[in-house]
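User: I should like a close look at one part of this model, namely the surroundings of the ligand. Please treat the contacts first and then turn to the interior.

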Amino acid sequence: MPTLLFVNACVRGRDSRTLQLAYQLLDRIREANSNDMAFHIEEIRLSTENMLPLNYERLERRNELLMQGFLEDSMFDYAHAVAQADMIVIAAPYWDMSFPAILKIFFELASVVGITFCYDDNGNPVGLCNSEDMYYVTTSGGYIGEFNLGFEYALALSQLYGIENAHFISAEGLDIEGADVDAIMNEACNKDFDNYSNSSQ
Ligand SMILES: Cc1cc2nc3c(=O)[nH]c(=O)nc-3n(C[C@H](O)[C@H](O)[C@H](O)COP(=O)(O)O)c2cc1C
């Protein structure tokens, strides 16, 4: 059964509007793949994970493990999850022009040479991930406009990982005084999210 990796960076949990939008997308994906290609959804809820950014000690340990080829160490669990997924959905609110810091830690831990990407003989990166599609779901208080830095960063990493298609889904302007939050959310939820069938089948 193909696996959909759901990276949940919605810090406000059940109150999160980003999570609400992401659930709509997951429903659509489920509907579009409700035959024998149904996905097993594996969620990583970042706010309940015990994740630490790399410090000098952890970086040395990681380098040591990589040098010795111990790729099965639990330090590489997130990298394996990203590499093996058949589809990836990331949900993250728009914070300080990008996303919450926990998502950066996740990306740092998932970006491992030899698991999610490697280099060819000319030093060019080569992606090692199975997934062809990455969906990035966000909501924002104002309008994101040209500072779509969270998605652009996720897009750059997707390309490094060899994931061909990156899709952006947002509901914006939710905290502007007088905003009709329900209407904005409904509109975003009802948009025709493109290409949500499992293209790797
Ligand atoms: C720490 C923090 C930083 C934020 N930074 C921005 C920002 O830079 N631009 C913006 O338009 N809204 C910003 N917002 C508002 C959120 O993007 C908005 O409320 C969003 O819908 C929250 O998503 P959630 O309901 O999933 O938590 C910020 C909110 C928080 C709590």
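Which atom of methionine 97 lies 3.1 Å from an oxygen atom of the ligand?

Analyst: In this predicted model, the atom in question belongs to the main chain: a backbone N or O atom of methionine 97 is placed 3.1 Å from a ligand oxygen atom. Taken alone, the ligand exposes 650 Å², and 74% of that is buried by the protein. The backbone of aspartate 96 also takes part, with an N or O atom 2.9 Å from a nitrogen atom of the ligand. Serine 16, by contrast, contributes through its side chain, a polar atom of which lies 2.5 Å from an oxygen atom of the ligand.

Ser16 is also listed among the closest residues, together with Thr18, Tyr94, Gly142 and Asp175, in a shell of 15 residues around the ligand. By class, that shell comprises 5 nonpolar, 6 polar and 4 charged residues.

As for the interior, a search of the whole structure yields 1 cavity of 30 Å³ or more. The largest cavity has a volume of about 80 Å³. Its lining holds 10 nonpolar residues, 1 polar residue and no charged residue. Among the lining residues are Val82, Phe106, Phe107, Met134, Ser158 and Tyr161. At least two lining residues come from each of β3 (87-91), α4 (101-110) and α5 (149-161). Of the contributing elements, α5 gives the most, with 4 residues.

Conventions: Residues are numbered from 1 along each chain as its sequence is written. This is a predicted model: local features need pLDDT of at least 70, side-chain atom pairs count only at pLDDT 80 or more; totals for chains, interfaces and linings use all residues. Side-chain values use heavy atoms; hydrogens and water are left out. On a 1 Å grid over the protein atoms alone, a cavity is a set of points where a 1.4 Å probe fits but cannot get out, and a pocket is an open set with protein on both sides within 12 Å along at least five of seven lines; lining residues have an atom within 4 Å of a point. Grid points are joined across faces, edges and corners, and a volume is the space filled by probe spheres set on the points. Ala, Val, Leu, Ile, Met, Phe, Trp, Tyr, Cys and Pro count as nonpolar, Asp, Glu, Lys and Arg as charged, and the others, Gly among them, as polar. A residue is near a molecule or strand if one of its heavy atoms lies within 4 Å of it. A polar contact is a pair of N or O atoms within 3.5 Å; within protein, one must be able to donate a hydrogen and the other to accept it, and residues adjacent in sequence count only if both atoms are side-chain atoms. Accessible areas come from the Shrake-Rupley method with a 1.4 Å probe; for residues, only the protein chains shown count as cover.
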